[in-house]
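Open the model in a viewer and keep the sequence panel in sight. The stops below each begin with something to select.

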Amino acid sequence: VVCANSVSIGDITRSDKPTKKKTKKPKKQPKPPHENGNESMIEKTEPEHVDAPAELSFPPTFSVSEIKNKQRRHLMFMKLKQEKRKVMNAPPKEVPKTIENQRVYDETTVNPEDEEVAFDEGTDEFSAYFNRLTNPKVLITTCDRPRGRTVRFCNQLATVIPDAHVYYRRGLALKKVIPQCIARGFTYLMVINEDRKVPNGMVLCHLPDGPTAHFKVSSVRLRKEMKRRGKDPTEHSPEVILNNFTTRLGHSMGRLFAALFPHDPQFVGRQVATFHNQRDFIFFRFHRYIFKNEKRVGIQELGPRFTLKLRSLQKGTFDSKFGEYEWVLKRHENDVCRRRFNL
């Protein structure tokens, strides 16, 4: 039996609501600036060129306009503006004051090409050495009863200076040692003094006519006490470098040190002995150089190293009673000597 109110299966399916198709809404295009009255409210799309100081680590393409937060962008812009003003209004950097650039000009500074200086150097006690008439031969000795550190220091000096011989003094006075040195053909007598088992003085006497220089020795470091030192030096004659010996007294001291070494250095050994004068102190260093390539050179310190301070310069050989002194360092004249006597 079929009822009048019956509904077929097809009608049931068609009775559902029809589905609506979703359509995308078109995006609103921004209006050009001339159509909008508030042109100042539009953010600039082009990056602003702001000269940021080197202290702020920003990427090279950074621009303040890329910051979206308005308050943060304004603070960053003001900060960059203040830094730029500081850089533009900063005073020039002052040159630091040092002992070297504040030193009073020394009137005794001479020109090496001066005729008077050349005449004095041609007739002084070292003229025979520089004319190649004599070869250096050095005798190194110590004070009475030297300690182990002083003996090792003398032995290492003998490896630095070619044709140097170490002898124990055995209680003899220097006035008796000097005639024996002259008779045996020595051109130098070097005496190392000590105090409290530490070397503290040096007497360097040029033979046979002088002069005699007395130095204070400090900051002695032997080879075993040095870090990153090279191998022991060879028997090759080293090169000699003299720095900042520009005054009349400095010329005398430079010639005194130069006469310790042979005339012709052996470049095969690549060894250099340096006497560097600075603030009236003479720093001694002994190096070996190594060529790494055409432009780079490596340096190895061989040792020993020490510092000298000139106490007195005496004419002739050593004579503590009747000797004539050319120059003496006095205690109350230390400040004056720093300004006037630039070795």
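Begin with strand β9, residues 297-301, and pick out V297 within it. The model is a predicted one. V297 has a relative accessible area of 47%, so it counts as partly exposed. Now add F291 and I299 to the selection: together with V297 they form a nonpolar patch on the surface, and the three share about 340 Å² of accessible area.

**The whole chain**

Zoom out and colour by secondary structure. The chain has 8 helices and 11 strands. Of its 343 residues, 34% are buried. The accessible surface of the chain comes to about 24900 Å², with carbon and sulfur atoms supplying 52% of it. Among contacts with a separation of 6 or more, 64% are between residues 24 or more positions apart.

**Aromatic pairs**

Show the side chains of the aromatic residues; the structure holds 9 aromatic pairs. Select F284 and F306, which form a stacked pair with 4.8 Å from centre to centre and 20° between the planes. This pair links distant parts of the chain, since F284 belongs to strand β8 (residues 281-291) and F306 to strand β10 (residues 305-314), 22 residues apart. Are these two rings buried or exposed? F284 is buried, at 2% relative accessibility, and F306 is buried as well, at 4%.

Next select Y289 and F291. Their ring centres lie 5.5 Å apart and their planes stand at 80°, so this pair is edge-to-face. Y289 has a relative accessible area of 16%, which makes it buried because the limit is under 20%. F291, at 56%, counts as exposed; F291 is also one of the residues of the surface patch visited at the start.

To see F284 and F306 in a wider setting, add F153, F215, F245, F257, F261 and F275 to them: these residues form one aromatic cluster.

**Lysines over rings**

Select K309 and F281. K309 lies over the face of F281, at 4.6 Å from the ring centre. Then move to K137, which lies over the face of F186 at 4.7 Å from the ring centre.

**Backbone stops**

Switch to a backbone view for the last stops. Most residues other than glycine have a negative phi, and most peptide bonds are trans. The following places depart from that pattern.

Which peptide bonds to look at? One runs from L207 to P208 and is cis, with omega near 5°. P208 is in the loop between β4 (198-206) and β5 (212-221). Another cis bond joins G303 and P304, where omega is about 0°. P304 sits in the loop between β9 and β10.

For positive phi values, select R170 and then R270. R170 is not a glycine, yet its phi is positive at about 60°. Its place is the loop between β2 (164-166) and α6 (174-183), and it counts as exposed at 77% relative accessibility. R270 also has a positive phi, near 55°. R270 lies in the loop between α7 (248-258) and β7 (271-278). With 28% relative accessibility, R270 is partly exposed.

Methods:
Residues are numbered from 1 along each chain as its sequence is written. This is a predicted model: local features need pLDDT of at least 70, side-chain atom pairs count only at pLDDT 80 or more; totals for chains, interfaces and linings use all residues. Side-chain values use heavy atoms; hydrogens and water are left out. Patches are made of residues with over 30% relative accessible area and no salt bridge: like charges are joined within 9 Å, nonpolar side chains (Val, Leu, Ile, Met, Phe, Trp, Tyr) within 5 Å. Accessible areas come from the Shrake-Rupley method with a 1.4 Å probe; for residues, only the protein chains shown count as cover. A salt bridge is a side-chain nitrogen of Lys or Arg within 4 Å of a carboxyl oxygen of Asp or Glu. Helices (H or I, at least four residues) and strands (E, at least two) are DSSP runs, numbered from the N terminus. Buried means under 20% relative accessible area, exposed over 50%, partly exposed in between (1.4 Å probe, protein chains only). Contact means heavy atoms within 4.5 Å. Rings of Phe, Tyr and Trp (its six-membered ring) pair if their centres lie within 6.5 Å; planes under 30 degrees apart count as stacked, over 60 as edge-to-face and the rest as tilted. A charge sits over a ring if NZ of Lys or CZ of Arg is within 6 Å of the ring centre and within 35 degrees of the ring normal.
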